[in-house]
Amino acid sequence: MDNITKNNRLLWIDIIRIIAIIAVVAIHVEDSFIFYWNKIPLTDWWASNIYNGFIRFPVPIFLILSGYLLLDKQEDDKIFFSKRFSKVVIPLVAWSMIYWVFKNNFNVLSLFTANFVQQLFANKIYFHLYFLYVIIGLYLITPLLRRILVHASAYDVRYYLVLWLFFVPISSLLGLLGYRNGIPLVAATWDFGFFFIGYVIKKTRITKKIVYLSSLMVIVSIVVTIIGTYYLTGRSEYFYGSVHVLFAITSVTYSPCLFILIKAIFSRFSVGIGSASGKLINAIGRATMGIYLVHPMLLHFILHGVSGIRLLSVKVLSPIVSIPLVTFLLVVLSFIIVFFLQKVPLLKKIVP
């Protein structure tokens, strides 16, 4: 069992958050290239494709981590909702307003329209805010799921996992081969499976054999994603993203295995809260949600040019250089913004 003492915190949890948020930003950066098959030089597209193969894991890993931390925890429902929803609902509403004004040429009056309210409820304000809607949905079911899992047997857990694996990644794979599954098993779709996998990982004794197998599956998933994307894209003559979408078989193997691998590597270490490294890791770990919320606005300016310079144009830099460079800049700038927002009593509520 993992323990957090008074003087130390779990390093691997913050490391997973930091790795995942870097990957999120990198995905949004490299999307500026991966979709442009036959429109940019093949070497540039391949650079993007290779980066893409490595970084298609962050959303599942965030969901796995949430399930790991929440699903076996017993607490009063009122306490759970008061702690969790204040960290999601307030940021969702606040950043929806910010991005709506941003989209509408900084017209604040546009907030006082029915259109804004409709778009807010429909999850159509800005592309990245969807994740907060996903989290709210999972939080709503968590208290009930906790009570169910208390009485669930190992067979019950395996039964659900088999259902989810068949009706999500395997059905997705069969769909690529022309075999569409027409049975709508709603409980075994969308993001719930990754949330549940977090619970399963926590309740499983992770042996060296599992760690070695996870390492192998991470490598295989990356290679299959890279080669599969190239093959299907070339055959279709347009970018074919089904190999690395959220519920592709490669994502379902890659994300949990990478989670296990990172935990196995970094759970051996602890870091003092008062140390310089501990303070930095803790600060970045606590800023990951804020970085997620802030970075798309900064990316917008990079995509459309800053002082006439577009860092994501192949005419300026090769994707080999620009993807990691822009990702680094976005993460650092976003962290700095979030760090200072978290120091302001009222504003810190929107970057929990």
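Q: Why does Trp 12 count as buried?
A: In this predicted model, Trp 12 has a relative accessibility of 0%. Buried means under 20%, so Trp 12 makes the cut.

Q: What makes Tyr 68 count as buried?
A: Here the value is 6% relative accessibility. That is still under 20%, so the label is buried again.

Q: How many aromatic pairs does a search of the whole structure find?
A: There are 32 of them.

Q: Why is the pair of Trp 12 and Tyr 68 called edge-to-face?
A: Look at two values: the ring centres are 5.2 Å apart, and the planes make an angle of 85 degrees. Rings pair if their centres lie within 6.5 Å, and planes over 60 degrees apart count as edge-to-face. Both conditions are met, so the name fits.

Q: What makes this a link between distant parts of the chain?
A: Trp 12 is in helix H1 (residues 11-34), while Tyr 68 is in helix H3 (residues 58-70). That puts the two 56 residues apart.

Q: How do you know that Phe 57 and Tyr 254 form an aromatic pair, and which kind is it?
A: Their centres are 5.7 Å apart, which is within 6.5 Å, so they pair. The planes are 75 degrees apart, which is over 60, so this pair is edge-to-face.

Q: Which parts does the pair of Phe 57 and Tyr 254 tie together?
A: Phe 57 lies in the loop between helix H2 (42-55) and H3, and Tyr 254 lies in helix H11 (residues 249-266), so the pair ties together parts that are 197 residues apart in sequence. Both residues are buried, too.

Q: How do you know that the charged end of Lys 263 sits over the ring of Trp 12?
A: Part of the test is distance: the charged atom must be within 6 Å of the ring centre. For Lys 263 and Trp 12 the value is 5.3 Å, so that part is passed. The charge also has to lie within 35 degrees of the ring normal, and the pair is indeed listed as a charge sitting over a ring.

Q: Why is the contact between Glu 30 and Arg 56 called a salt bridge?
A: The closest N and O atoms are 3.2 Å apart. The limit is 4 Å, so this contact counts. The two are 26 residues apart, with Glu 30 in helix H1 and Arg 56 in the loop between H2 and H3.

Q: Buried or exposed: what is Arg 56?
A: At 17% relative accessibility Arg 56 is under 20%, so it counts as buried.

Q: What makes Asp 72 and Lys 203 a salt bridge?
A: Their closest N and O atoms are 3.4 Å apart, and being within 4 Å is what is needed. This bridge links distant parts of the chain: Asp 72 is in the loop between H3 and helix H4 (77-85), and Lys 203 is in helix H9 (residues 192-203), 131 residues away.

Q: Why does Asp 72 count as partly exposed?
A: Its relative accessibility is 24%. Buried is under 20% and exposed is over 50%, so Asp 72 falls in between.

Q: How many helices and strands does the chain have?
A: The chain has 14 helices and two strands.

Q: Why is the chain called as compact as a globular protein of that length?
A: Its radius of gyration is 21 Å, and the globule rule gives 20 Å for 352 residues; the two values are close, so the description holds.

Definitions and conventions. Residues are numbered from 1 along each chain as its sequence is written. This is a predicted model: local features need pLDDT of at least 70, side-chain atom pairs count only at pLDDT 80 or more; totals for chains, interfaces and linings use all residues. Side-chain values use heavy atoms; hydrogens and water are left out. Rings of Phe, Tyr and Trp (its six-membered ring) pair if their centres lie within 6.5 Å; planes under 30 degrees apart count as stacked, over 60 as edge-to-face and the rest as tilted. Helices (H or I, at least four residues) and strands (E, at least two) are DSSP runs, numbered from the N terminus. Buried means under 20% relative accessible area, exposed over 50%, partly exposed in between (1.4 Å probe, protein chains only). The radius of gyration is taken over C-alpha atoms; the globule rule is 2.2 Å times the number of residues to the power 0.38. A salt bridge is a side-chain nitrogen of Lys or Arg within 4 Å of a carboxyl oxygen of Asp or Glu.
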